[in-house]
Amino acid sequence: MKSTLSLFALVIVVANMLLSCNSQDQKEEQLARQYCGSCHMFPEPSLLPKKTWEKDVMPQMALRMGIEYGKLTELPDEDRAMVLSSLPLSPMVSDAEWKAIQNYFQKNAPDSVIVEKLPTPAAITQFDVTALPLPIEGHPTTSMLAADTAHQTIFLSDRRARLHQFDEHLNLTATFQMSSPAAQMLFAPNADPELVEMGIMDPNDQAKGAIVRWNGEKIFTPLIDSVQRPVFAERADLNNDGQLDYVVCAFGNFTGSLAVYEAKTNGAFTRHVLQNMPGARKVVVRDFDNNGMPDILALMTQGDERLVLFLNQGNFRFRINVLLRFPPTHGSSYFDLADFNNDGKADILFTNGDNADYSPILKPYHRVAIYLNDGANHFTESWSYPLQGATQARAIDFDKDGDLDVAAIAFFPDFENSPEQGFVYFEKTPEGYTPYVTPLASQGRWITMEVADIDRDNDDDILLGALDFYSGVPKPVNSGWMKSDVWLLMLRNRLH
């Protein structure tokens, strides 16, 4: 009888221990989901390895949650006051709760994240590919490429704040000094071009960027100044008053914004903030709901990664509709609009592969993807291709067969095993999208892509610009870049 009671007591003790463990696990998960899903989509522990959570991500989260401010010392002196103003005045959680959140990710994260190795794509045949060094001082540090096809001119901005001008044969014809590197160039008929100057190209929170008008010579006139690291802008008459307003993506770093600058009759602008947070990457302006007012589709990155549709209600008021949302580990990087299934509706071409911040490892969810529109601005993924470090993609009918092909670049490819996948061309076929690569893509680190009929033969060519940062790159690869100094990769379409 005593042995039976002892066994029963042991069973009760074990059961209570299991219940206690389960209760603790549930509490840790609840806290993690509550606090790690309050500012952005909750990132499942399986997205990153244990060590990455512990050494890289959690210290950054401790800063952003007001738990530990030591990371502030790693920032430039000029950034600290702005960053500090964006942080909580007191910890968002207690020490015990923070420990519980850390435990949850450590218990549930894998030791490593497996990236499937795909077969190497076939070699590109539709384009003649040429790697081009340029007569420019210094190693390749492209920040922008822009083709002015109306004047058969190519522009390249570099990290040294120079604007280089080339003819259609890519002969350098002039160089101009700007205040800071450019991220974009805007053209309009019968008007001087405009440039989006970043201020400081590296991650920062200083309002030193600007939108400037260029007279074609040495004069760059600021139109909008004091912008935090702007990377993209679009012009549109948002209130139908006959004047062009500006939508500006102030990417920033810890802080930033997506803002509209309302044009006034006296030449000044009034700023309307749509999103008071960093990471605004790109916008497309068009009337999405057919009410006669231009709407804004924006890609927000840097934490709360979303594609957000701002529906214009008039008088610079917008109704927000989140179309797609992703965890902060995804590294959303670019989008384009195109009608992939010929139903008259704008679909989304999307890339995620930004890998420069706090988890610089290969990720199985980096990719190029297509989201189809059901006609009511609801989007469903219809195709994707794993592409490490995917940075930008364009949808163009390169072979003129009536459907859209895709060209994509990756600033963070797998340099050890497949550096040629810094550029991938996807040909649309009845079976799907067939990828093609060129070995010459391994001769640079491609940060930007321009598509235009550069040689004026009635088909679309592709031009890639290199920014050869050594971070995350094997030394032999980087040494090769430094010796060859390939600034551009030219892909001339062989269709005509």
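What follows is a friendly conversation between a trainee and a mentor about a predicted model.

Trainee: Let's start with the overall make-up. How many helices and strands does the protein chain have?
Mentor: Remember as you look that this is a predicted model. In the protein chain, the count comes to five helices and 29 strands.

Trainee: Which radius of gyration does the protein chain have, and what would a compact globule have?
Mentor: The C-alpha atoms fill a box of roughly 100 × 55 × 50 Å along the principal axes. For 496 residues, a compact globule would come out near 23 Å. The value for the protein chain agrees with that, at 25 Å.

Trainee: What percentage of the residues in the protein chain is buried?
Mentor: The surface side first: the protein chain exposes about 22,500 Å², and carbon and sulfur atoms supply 52% of that area. Buried means under 20% relative accessible area. Of the 496 residues, the buried share is 53%.

Trainee: Now the interior. Which residues have the most contacts inside the largest nonpolar core?
Mentor: That core has 25 residues. Strands E11, E12, E13, E15, E16 and E17 each give two or more residues to it. A second, separate core has 21 residues, including Phe-127 and Trp-446. In the largest core, the residues with the most contacts are Leu-238, Val-247, Leu-258, Val-283, Ile-296 and Phe-310.

Trainee: Which residues is Val-283 in contact with, leaving aside neighbours within four places in sequence?
Mentor: Val-283 is among the residues with the most contacts inside the largest core. Its partners beyond those neighbours are Phe-232, Glu-234, Val-247, Cys-249, Leu-258, Ile-296, Leu-297, Ala-298 and Phe-335.

Trainee: How many residues of E12 are buried?
Mentor: Look at the two faces of the strand: Asp-245, Val-247 and Cys-249 point one way, while Tyr-246, Val-248 and Ala-250 point the other way. Both sets are buried. E12 is therefore largely enclosed by the rest of the structure, with a buried count of six of the six.

Trainee: Which way do E11 and E12 run, and how many bridges join them?
Mentor: One pair to find on screen is Ala-236, which stands opposite Asp-245 in E12. The two strands run antiparallel, and the number of bridges joining E11 to E12 is six.

Trainee: On the other side of the pairing, which residue in the turn between E12 and E13 has a positive phi?
Mentor: E12 and E13 run antiparallel and are joined by five bridges. Val-248, for example, has Ala-259 in E13 as its bridge partner. The two strands form a hairpin with six residues between them, and the turn residue with a positive phi, about 60°, is Gly-252.

Trainee: Let's turn to charges. How many salt bridges does a search of the whole structure find?
Mentor: One example is the pair Lys-71 and Glu-74, with N to O at 3.2 Å. There is also a network that links Asp-25, Glu-28 and Lys-107. Across the whole structure, the search finds 21.

Trainee: Are Asp-158 and Arg-162 buried or exposed?
Mentor: These two form a salt bridge, with their closest N and O atoms 2.7 Å apart. As for their setting, both Asp-158 and Arg-162 are buried.

Trainee: And which relative accessible area does Glu-262 have?
Mentor: Glu-262 forms a salt bridge with Lys-264, their closest N and O atoms being 3.2 Å apart. Lys-264 is partly exposed, at 33%. Buried means under 20%, and Glu-262 is buried, with a relative accessible area of 11%.

Conventions: Residues numbered from 1 in each chain as written. Predicted model: local features only at pLDDT ≥ 70, side-chain atom pairs only at ≥ 80, totals over all residues. Heavy atoms only, no water. Core = buried A, V, L, I, M, F, W, Y, C linked by side-chain atoms within 4.5 Å. Buried < 20%, exposed > 50% of the residue type's maximum accessible area, 1.4 Å probe, protein only. Helix = DSSP H or I, 4+ residues; strand = E, 2+ residues; numbered from the N terminus. Contact = heavy atoms within 4.5 Å. Salt bridge = Lys/Arg side-chain N within 4 Å of Asp/Glu carboxyl O. Rg over C-alpha atoms; globule rule 2.2 N^0.38 Å. Areas by Shrake-Rupley, 256 points an atom, 1.4 Å probe, with all protein chains shown as cover. Pairing = 2+ DSSP bridges.
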